[in-house]
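Visitor: I am new to reading protein models, and I would like to look closely at a single part rather than skim the whole. Could you take me slowly through one sheet and the helices that go with it, and then show me how the rest is arranged around that part?

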Amino acid sequence: MSNTQSMIFTIYGDYIRHYGNKIWIGSLIRLLKEFGHNEQSVRVAVSRMMKQGWLESEKEGNKSYYFLTTRGEARMEEAAIRIFKLMPNDWDGKWRMLMYTIPEEKRQVRDELRKELLWSGFGSFSSGCWISPNNLEKEVEFLIEKYGIQNYVDFFVADYKGPQANRALVEKSWPLQEIEGKYQDFISTYSKQYIIHQSMMNDGRMSDAECFVERTNLVHEYRKFLFTDPGLPKELLPEIWSGNHAALLFEQYYKLLAQPANHFFEEVFQEDNDMRRKDKAYDADDHPLLMD
């Protein structure tokens, strides 16, 4: 069974954020029950997410509602753009380099910064030196301010003049073979499931609740690539890169399950939440960042 907090993040990112970012705790418990999470584990996870600064709460009568903080909304938006942007960007030819010497007494800050840099798509080029070919200036500014490390870091936007090729920097900074293997595993598992569920849906043998579980699990699993795949531009990727095939499979599978999954979510949500907060432009079948 997946981590409760991680699954709550997925449901906020794929559903709740399109409905005003706010949900009654009872509805959230009901949704998580479909995945085998009990009420206590949901309440503990929500409490932890509040302490971590992802969620806030408010009372309406005797009901508690939870909504994403500004920080939580920003993280969800950034994650969604990376999950649903299915093809690599073009490259401007520049490298972003972040170098730091954070003292030992600030070890916790250093460890947190490393996690954030990995999540943003930076690669560890050498000790205390992180690089990325992507335009991450805003993310770096945010992290420097967040952790108050202005005195310990230097940030460069640079050209690489050799003596190796640019791809050599990639091989040194990211475990591409390992990431390729994870994409192959994803394709192997989910291409089989896609065919089975397509057949079941054609025969009317899948409920809306089952589609909700499968679509959420699909996004949840694909979301893990945020922590491993840096989203390199196509000029720096190997000629055969399974990430592209995984992205197309994800898109097809996501669209297959979209309508019945969203129907189940709305059935649960509309009972004790405000459906008027739904984003008018939101169409479950046509995510704005999915390919045409």
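Guide: What follows is a walk through the three-stranded sheet of this predicted model, and then through the other parts of the chain.

Let us begin with the sheet itself, which is open, has three strands in the order β1-β3-β2, and is held together by antiparallel pairing. Its edge strands are β1, covering residues 22–24, and β2, covering residues 55–60, and each of these pairs on one side only. Neighbouring strands are not laid exactly along one another, for they are turned by 30 degrees on average when direction is ignored. As general background, the strands of a sheet pair through backbone hydrogen bonds, either parallel or antiparallel.

If you follow β1 to its partner, you will find that three bridges join it to β3, residues 63–68, and that the two strands run antiparallel. One place to rest your eye is W24, whose bridge partner in β3 is Y65.

Two helices lie across this sheet. Helix α2, residues 25–33, lies across β1 and β3 and runs at about 85 degrees to β1, while helix α3, residues 39–51, lies across β2 and β3 and runs at about 115 degrees to β2.

Just before β1 there is a residue that deserves a pause, namely N21, which is found in the loop between α1 (4–14) and β1. Most residues other than glycine have a negative phi, yet N21, although it is not a glycine, has a positive phi of about 70 degrees. With a relative accessibility of 10%, N21 counts as buried, because the cut-off for that word is under 20%.

The helix on the other side of that loop, α1, leads us to a later part of the chain, where its axis comes within 10 Å of the axis of α9 and crosses it at roughly 105 degrees. The two helices are therefore roughly perpendicular to each other. On the α1 side the contact is made by S6, M7, F9, T10, I11 and D14, which meet F212, R215, T216, N217, V219, H220 and R223 in α9. Sorted by character, the residues of this contact divide into five nonpolar, five polar and three charged.

Within α9, residues 208–223, you can pick out T216, which counts as buried because its relative accessibility is 1%. Leaving aside residues up to four places away in sequence, T216 touches M7, T10, I11, Y15 and F35.

For the middle of the chain, an unreviewed UniProt entry lists residues 89–170 as "domain: Transcriptional repressor PaaX-like central Cas2-like". Over that stretch the chain is 37% helix and 24% strand, with its end C-alpha atoms 16 Å apart.

There is also an open sheet of four strands, in the order β5-β6-β4-β7 and with antiparallel pairing. The edge strands here are β5 (123–126) and β7, each pairing on one side only, and the twist from one strand to the next averages 25 degrees. Strand β4, residues 95–100, pairs with β7 over six bridges in the antiparallel sense, and L98 stands opposite F155 in β7. Helix α5, residues 107–120, lies across β4 and β6 at about 170 degrees to β4, whereas helix α6, residues 137–147, touches β4 and β7 and makes about 175 degrees with the direction of β7.

Finally, in the loop between β7 (153–158) and α7 (166–173) you will meet P163, which is joined to G162 by a cis peptide bond with an omega of about 15 degrees.

Technical notes
Residues are numbered from 1 along each chain as its sequence is written. This is a predicted model: local features need pLDDT of at least 70, side-chain atom pairs count only at pLDDT 80 or more; totals for chains, interfaces and linings use all residues. Side-chain values use heavy atoms; hydrogens and water are left out. Two strands pair if DSSP finds at least two bridges between them. Axes are lines fitted to C-alpha atoms, for helices over the stretch in contact, and angles run from 0 to 180 degrees between N-to-C directions. Contact means heavy atoms within 4.5 Å. UniProt positions are given in the numbering used here, feature names are shortened, and annotations may be inferred rather than shown by experiment. Buried means under 20% relative accessible area, exposed over 50%, partly exposed in between (1.4 Å probe, protein chains only). Angles under 35 degrees count as roughly parallel, over 145 as roughly antiparallel, 65 to 115 as roughly perpendicular and the rest as oblique. Ala, Val, Leu, Ile, Met, Phe, Trp, Tyr, Cys and Pro count as nonpolar, Asp, Glu, Lys and Arg as charged, and the others, Gly among them, as polar.
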